[in-house]
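Morning, everyone. I will take one structure and go through a helix, a strand and some internal spaces. Please have a look at it first.

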Amino acid sequence: MPARTPAESAPRSSRLAGLDGLRAIAVGAVILYHLGPGILPGGYLGVDVFFVISGFLITGLLIREKDSSGRIRIGGFWMRRARRLLPALVLVVVVSASAALVVGGNPLVHLGRQVLGAATFSSNWLSIAATQSYFDETTPELFRNLWSLAVEEQFYLAWPFVILVVLAVRLRQARVFIVLAIAAGSAVAMAVLAGSGDPSRVYFGSDTHSFGLAIGAALAILHRDWPASTGRLARRSLPAIAVIAVLGIVALVITLPADNPFVYRGGLALVAMLSVVAIAGAIISGSRVGAVLDWSPLRWIGARSYGLYLWHWPVFVLVTDALPTPPPPGTEWMLGSIALTITVIFAGASYRFIEHPICRDGFRATVSRWIGSRPRSRQRIGAIGSAIALIVTLSGATGRAIVVDPGMTDAQAAITHGRESVLPSGPKPSTTAATGTPSPGPATVPGSAAVPGGDQIDAIGDSVMLASAPELQAGFPGIQIDAVVSRQLSSAPAIVREMHDSGTLRPVLLIGLGTNGPIDRQSLDQIRSIVGPRHEIVVVSVQAPRGWTDGVNDTLTRFAQQYRSVELANWQQDISTRLDLLARDQIHPGPAGGLIYVRAVTDALQRLADQPPARGPNHFGIARTPL
């Protein structure tokens with residue numbers, strides 16, 4: 001090992017400027033992404049900012065211990081991590097699971113696997129093994145957000161051994177190169193394995209999503225070897241570059257949705273690199289960036305960011321399912337506001353009474369001081385008894401919540417029923433709805449033109465269409481349905497092209513997509529270009545408590561208004577007064593809701609059929625002149 005430089009010998013402050021502010025920005029982005037869907041399409045990127053900060057801080061701690069004592073006490077390091085992370089985590093798990101037992105239903109689904117993942121820091125790999133999608137709206141798992149904590153904990157277990165090897169390398173440049181090579185390997189693995197389907201495997205995987213931690217670690221190694229007096233040029237230019245980096249992160253958080261392929265082919269790595277530049281510019285001596293990020297409100301949020309991250313998602317899931325009726329359309333923001341208020345209160349109390357004291361003094365000293373603070377022995381006995389009773393109650397409730405897992409959410413049940421109806425060997429749909437009312441087939445009003453039958457219709461959709469499949473089949477016998485969970489409109493042109501080229505495309509195309517994210521007009525125009533003006537298209541509007549649905553419905557409406565052969569099935573309008581017919585997610589219909597879905601489609605087909613004949617040959621409609 002080479003002789004230590006003056007920078008290595010110089011004492012370092014235990015607190016570095018700007019890091020709490022960056023934590024606040026990161027946790028704020030994640031919370032807005034979850035609690036206010038559509039507000040920040042790229043809010044999930046805040047997790048990658050956390051990864052970089054964690055890699056930087058943890059590596060710095062290990063390096064300073066190695067420099068000061070000549071060795072790293074790995075057991076002591078792990079104990080300090082346990083003191084920092086476990087108290088808040090255990091509290092969140094037992095309180096949330098107990099509340100889920102009271103609420104019942106959807107929050108209990110897969111709870112046993114999630115608690116096991118929290119206890120073993122393996123949430124990410126258990127989700128991968130269960131093929132659970134991070135982006136699946138039909139199963140809002142109570143502890144889904146713990147995947148990132150699992151990635152960090154796995155890093156904490158392995159990294160001390162790695163850093164010992166790295167620090168044994170004599171050349172400073174080689175140390176940084178080794179760590180950056182690890183980061184590059186992880187980022188390349190994500191890009192290669194991402195594929196074109198659901199990216200949850202590479203998003204959850206600690207092998208494919210550790211580049212942020214490694215990039216932060218590389219900065220810590222560089223920081224160790226920085227000269228004690230940084231040059232004037234660096235002191236002036238690095239903070240300015242850091243400002244650009246922070247603005248770049250904010251821009252990506254505002255504009256980069258999770259379904260963009262770029263996210264997994266360099267986007268997340270770009271966020272990690274911007275984060276490391278922001279950190280470097282903030283911690284440099286005299287940096288104005290660090291001073292700005294040390295603004296008191298940001299420091300307060302940043303110091304409690306761990307608790308805020310832990311609490312916000314389970315609280316949101318519980319609040320959503322605890323309401324007796326869905327909130328009226330346009331008031332979904334109230335759910336997020338209620339969940340945020342509860343989150344701030346719980347996270348603040350956890351930090352003050354549990355996290356900070358235990359992290360500072362340890363488990364035993366904190367418990368002893370709390371018990372010993374009671375002036376009389378009777379009070380101390382009462383406090384101990386109350387604490388034991390609370391622990392037993394919460395632990396028992398958590399165990400009971402695991403046992404009563406219903407297996408699937410109400411939305412999943414509706415989707416599963418629909419999926420079974422479209423399988424070749426699945427049950428034939430009944431011609432009578434579950435409510436006992438006749439199925440709404442393509443019957444016509446006297447004096448109106450006949451609408452096409454099911455044997456003339458191809459339907460391409462997402463989980464909403466899948467949940468409505470039994471009713472669609474009953475209303476339009478012979479309809480061909482291709483619907484899958486989490487499908488985006490951007491995938492539809494390729495599906496339609498394959499049908500067209502194989503000669504299986506029917507005269508009428510029903511498109512039910514847009515629930516899972518914003519859409520672009522280009523995809524709709526591509527679909528119409530493929531099918532041609534002699535085919536009719538019906539697009540179904542979207543009902544979902546998501547920030548992008550108004551934009552989706554506006555785009556679909558304008559598209560339908562522009563062409564004679566295109567019509568809008570206004571599912572959102574028709575179901576808006578009967579949200580009680582949807583699952584708790586306010587997205588997926590049961591049998592009675594499926595009837596309304598079919599009625600919206602039937603009305604759209606009727607409007608197409610009732611149009612005056614177009615001049616020239618016609619086959620179920622021809623494109624009108626664009627408006």
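Let me start with helix α10, residues 211–224. It has 14 residues, and at 1.5 Å a residue they should span 20 Å; the end C-alpha atoms are 20 Å apart, so the expectation and the model agree. I say model because this one is predicted.

How many of the residues of α10 are buried? The count is 13 of 14, so put it down as mostly covered, taking buried to mean under 20% relative accessible area.

Next, a strand. β1 covers residues 457–461, and 5 of its 5 residues are buried, so the rest of the structure largely encloses it. A general point helps here: in a regular strand, side chains alternate between the two faces of the sheet. In β1, one side has I457, A459 and G461, the other has D458 and I460, and all of these are buried, which leaves both faces covered.

Which strands pair with β1? One is β3, residues 508–512, which runs parallel to β1 and is joined to it by 5 bridges. Within that pairing, A459 has L510 as its bridge partner. Another is β2, residues 480–483, also parallel to β1, with 4 bridges between them. There, G461 is partnered with A483.

Now the internal spaces. Searching the whole structure gives 5 cavities of 30 Å³ or more. The largest has a volume of about 100 Å³. Its lining includes R113, Q114, S123, W147 and F204. Two helices, α5 (111–120) and α6 (123–129), each supply at least two of the lining residues. By type, the lining divides into 4 nonpolar, 5 polar and 3 charged residues.

Take one of those lining residues, S123. S123 sits in helix α6. Is S123 buried or exposed? Its relative accessibility is 10%, and the cut-off for buried is under 20%, so S123 counts as buried. Setting aside neighbours within four places in sequence, S123 is in contact with Q114, G117, A118, L146, W147 and A150. Of these, Q114, G117 and W147 also appear in the lining of the largest cavity.

The second largest cavity holds about 60 Å³ of space. Among the residues lining it are D462, V464, G512, W571 and Y597. That lining divides into 6 nonpolar, 4 polar and 1 charged residues. One of them, G512, falls within strand β3, residues 508–512.

That is all I have; questions, please.

Technical notes. Residues are numbered from 1 along each chain as its sequence is written. This is a predicted model: local features need pLDDT of at least 70, side-chain atom pairs count only at pLDDT 80 or more; totals for chains, interfaces and linings use all residues. Side-chain values use heavy atoms; hydrogens and water are left out. On a 1 Å grid over the protein atoms alone, a cavity is a set of points where a 1.4 Å probe fits but cannot get out, and a pocket is an open set with protein on both sides within 12 Å along at least five of seven lines; lining residues have an atom within 4 Å of a point. Grid points are joined across faces, edges and corners, and a volume is the space filled by probe spheres set on the points. Ala, Val, Leu, Ile, Met, Phe, Trp, Tyr, Cys and Pro count as nonpolar, Asp, Glu, Lys and Arg as charged, and the others, Gly among them, as polar. The expected span of a helix is 1.5 Å times one less than its number of residues. Buried means under 20% relative accessible area, exposed over 50%, partly exposed in between (1.4 Å probe, protein chains only). Contact means heavy atoms within 4.5 Å. Two strands pair if DSSP finds at least two bridges between them.
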